Amino acid sequence: VEDSCPITDSSILLIESFFLTSRFRGEGYQEGFQRGTQRGLHNGWRHGASHGAKLSSEISFYYGFAISWKCLLERQSDDRSRKRLKALEALLNLTQKFPLDDPQSVKLQEDTEKLRAKFRQVCSMLNVPTDFKDYIRTAEGTSF
């Protein structure tokens, strides 16, 4: 009776190939996952910084708008001007209390909507359009 091993050299190569393929697939997956995570974090950071800058710019605009109109109306003593000043003070108060340092605030969206609504109300009281596209000029077509 011969004792022969049923495993041949070719079957050993096949088994080793299978394990190497599995190992490299696993390593490739891990490397790809790490790269994807890093890329996702980087893209998320850029996206957040961009939107944070836009929101900060918007709030700063509201603040400057309110300060400017407040300065214009402070010397007037009629009832209409007092109501406008009160609304401007409320707008200023909202801009100053806005949670700029807490981007994960659960009230961020709510506070943003309140601020925008107050701005629209103030613009209505002042008879000023809320859309400033017509007043902002770009350098396109400008020649010096």
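**View 1. F18 is found in helix α1, residues 9–73.** This is a predicted model, in which local features need pLDDT of at least 70, side-chain atom pairs count only at pLDDT 80 or more, and totals for chains, interfaces and linings use all residues. Residues are numbered from 1 along each chain as its sequence is written, and side-chain values use heavy atoms, with hydrogens and water left out. F18 is exposed, at a relative accessible area of 54%. Buried means under 20% relative accessible area, exposed means over 50%, and partly exposed lies in between (1.4 Å probe, protein chains only). Together with I15 and F19, F18 makes up a nonpolar patch on the surface. The accessible area of the three residues is about 340 Å² together. Areas come from the Shrake-Rupley method with a 1.4 Å probe; for residues, only the protein chains shown count as cover. A patch takes residues with over 30% relative accessible area and no salt bridge; like charges are joined within 9 Å, and nonpolar side chains (Val, Leu, Ile, Met, Phe, Trp, Tyr) within 5 Å.

**View 2. The whole chain has 3 helices and 0 strands.** From the N terminus on, its elements run α-α-α. Helices (H or I, at least four residues) and strands (E, at least two) are DSSP runs, numbered from the N terminus. The chain has 144 residues, and 19% of them count as buried. Its accessible surface comes to about 11,800 Å². Carbon and sulfur atoms account for 55% of that surface. Take the contacts between residues at least 6 apart in sequence: 64% of them join residues at least 24 apart. Contact means heavy atoms within 4.5 Å.

**View 3. Y29 and F33 form a ring pair in helix α1.** The structure holds 7 aromatic pairs. In this one, the ring centres are 6.1 Å apart and the planes stand at 25 degrees, so the pair is stacked. Rings of Phe, Tyr and Trp (its six-membered ring) pair if their centres lie within 6.5 Å; planes under 30 degrees apart count as stacked, over 60 as edge-to-face, and the rest as tilted. Y29 and F33 are 4 residues apart, about one turn of the helix. Y29 counts as exposed, at 53% relative accessibility. F33 is partly exposed, at 49%. Elsewhere, ring pairs link F61, Y62, F65, W69 and F119 into a cluster.

**View 4. T95 is a buried residue of helix α2.** Helix α2 covers residues 79–97. Why does T95 count as buried? Its relative accessible area is 7%, and the cut-off is under 20%. The T95 side chain reaches the backbone oxygen of L92 at 2.7 Å. This is a polar contact: a pair of N or O atoms within 3.5 Å; within protein, one must be able to donate a hydrogen and the other to accept it, and residues adjacent in sequence count only if both atoms are side-chain atoms. Leaving aside neighbours within four places in sequence, T95 is in contact with I59, Y62, Y63 and L115. One of these, Y62, also belongs to the ring cluster of F61, Y62, F65, W69 and F119.

**View 5. S81 is another residue of helix α2.** Is S81 buried or exposed? At 2% relative accessibility, S81 counts as buried. It touches L73 and Q76, not counting residues up to four places away in sequence.

**View 6. E89 and K70 join helix α2 to helix α1 by a salt bridge.** Their closest N and O atoms are 2.7 Å apart. The pair links distant parts of the chain, with E89 in helix α2 and K70 in helix α1, 19 residues apart. E89 is partly exposed, at 37%. A salt bridge is a side-chain nitrogen of Lys or Arg within 4 Å of a carboxyl oxygen of Asp or Glu. By this rule there are 6 salt bridges.

**View 7. The side chains of D79 and R82 meet in a salt bridge.** The distance is 2.1 Å, N to O. Both residues lie in helix α2, 3 residues apart, so about one helical turn separates them. R82 is partly exposed, at 45% relative accessibility.

**View 8. K114 and E110 form a salt bridge in helix α3, residues 108–126.** The closest N and O atoms are 3.4 Å apart. The two residues are 4 apart in sequence, about one helical turn. K114 is partly exposed, at 42%. E110 is also partly exposed, at 41%. A network of salt bridges links E58, E113 and R116.
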